[in-house]
Amino acid sequence: MAKLFSGIGRLLSLSFIIYHLSFSPAGAQTRYTQYIEKYRDIAIEQMQKWKVPASITLAQGLLESAAGQSTLATKGNNHFGIKCHEWTGRTIYRDDDAKNECFRAYGSARESYEDHSRFLATGQRYRSLFQLKITDYKGWARGLKAAGYATNPRYAESLIDIIENYNLSQYDHSSVTAHSLRPIYRYNKNYYLYARQGDTFRSIAAETGISYRKLARYNERNKRDALQPGEIVWLEKKRTKAPKEYKKVPHTVQPGESMYTIAQKYGIRLKSLYKLNRLTPDYDIKVGDQLKLR
């Protein structure tokens, strides 16, 4: 246990220095630079997972969220202005093309990034974009505008300007490796991090000082499993319930989710999630199902 907290403490202190220093905003350029530093690794992970250029993801996030300062971003963690079409999760309302329009709301910025990638990758209207080279940010920007992502007639030019002014195209050639420092987060009285391309429980064990067998057990997985970029990896044994704020707030099942991914999201043991909902492991959850979290 001492080794566990020694490893976590080392990473927490370094992560705090890198990711949580307080800066004094000095105009839009500083805000843009801070935003890029904060979210570039997530954008690269999304590129590796969904094949959306990291430069495009970052440029859209900067433009749509006003570098994280918009109402949608601050109150709903919506960094891409995605509306409520076919959405059964939490929502937020604001004026846009019409008054009081419905927008998707998320539990974190990372969820917004993941939903944005999924929205593009699974949307019929954006299918042709994935035939472009991942480094063709101009083609992607113009393709998004042509496909109707935004009504602004200069949307493509705005994305291209942001990418070129802040050299975002460099991230289209990048990969996030286990050798670069990553932040450790705390939630539900536990610690977690996000897996990167090529991660295994062994590689994370080498980074954190936690036994890879324990990591696999904490995450209810086989110790030999490969991990997908963006997966949550818990660093201690998960809890039996979600935090108190979810006492009367169920989780609405979204497309692509499973009981396991939901358990991981809230830091709950899979067995406990089944028990809370009086379900058996052979139950096939459906989009729109409401699951108790505590």
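A crossing of two helices is called right-handed if the near helix is turned clockwise from the far one by less than a right angle. I begin with that definition since it applies to both of the helix pairs I want to discuss today, and I should say at once that what you have in front of you is a predicted model.

Let me first describe the chain as a whole. Its secondary structure comes to eleven helices and seven strands, and of its 294 residues, 46% count as buried. If we take the contacts between residues at least 6 apart in sequence, 60% of them join residues at least 24 apart. The chain exposes about 15600 Å², and carbon and sulfur atoms supply 50% of that area.

Now to helix α3, which covers residues 54-65, and to its crossing with helix α7, residues 155-165; the two axes come within 9 Å and cross at roughly 110 degrees. Angles of 65 to 115 degrees count as roughly perpendicular, and α3 is therefore roughly perpendicular to α7. This crossing of α3 and α7 is right-handed. On the α3 side the contact is made by Ser55, Ile56, Ala59, Gln60, Leu62, Leu63 and Glu64, and on the α7 side by Tyr155, Ser158, Leu159, Ile162 and Ile163. Sorted by class, the contact of α3 with α7 has eight nonpolar, three polar and one charged residues.

Which residues of α7 are buried? They are Tyr155, Ala156, Ser158, Leu159, Ile160, Ile162 and Ile163. As a reminder when reading such lists, an α-helix has 3.6 residues a turn, so residues three or four places apart point the same way.

The second partner of α3 is helix α6, residues 137-146, and here the axes come within 9 Å and cross at roughly 50 degrees. These two helices, α3 and α6, are therefore oblique to each other, and their crossing is right-handed. Ser55, Ile56 and Gln60 of α3 make this contact together with Tyr137, Trp140, Ala141 and Leu144 of α6. By class, the contact of α3 with α6 has five nonpolar, two polar and no charged residues. If you compare the two lists, you will find Ser55, Ile56 and Gln60 of α3 named in the contact with α6 and named again in the contact with α7.

I turn next to the backbone, where two asparagines deserve a look. Most residues other than glycine have a negative phi. Asn167, just after α7, takes a positive phi of about 50 degrees, and its place is in the loop between α7 and β3, the latter being residues 185-187. Is Asn167 buried, partly exposed or exposed? With 42% relative accessibility, Asn167 counts as partly exposed. Asn100 also has a positive phi of about 50 degrees, although it is not a glycine, and it is found in the loop between β1 (91-94) and β2 (101-104). Asn100 has a relative accessible area of 51% and is exposed, since the cut-off for that class is over 50%.

My last stop is Tyr191, whose place is in strand β4, residues 190-194. At 14% relative accessibility, Tyr191 counts as buried, because that class takes in values under 20%. How far apart in space are Tyr191 and Lys238, C-alpha to C-alpha? The distance is 9.4 Å, for two residues that are 47 residues apart in sequence.

Technical notes. Residues numbered from 1 in each chain as written. Predicted model: local features only at pLDDT ≥ 70, side-chain atom pairs only at ≥ 80, totals over all residues. Heavy atoms only, no water. Axes fitted to C-alpha atoms, helices over the stretch in contact; angles between N-to-C directions. Helix = DSSP H or I, 4+ residues; strand = E, 2+ residues; numbered from the N terminus. Parallel < 35°, antiparallel > 145°, perpendicular 65-115°, else oblique. Contact = heavy atoms within 4.5 Å. Nonpolar A, V, L, I, M, F, W, Y, C, P; charged D, E, K, R; others polar. Buried < 20%, exposed > 50% of the residue type's maximum accessible area, 1.4 Å probe, protein only. Areas by Shrake-Rupley, 256 points an atom, 1.4 Å probe, with all protein chains shown as cover.
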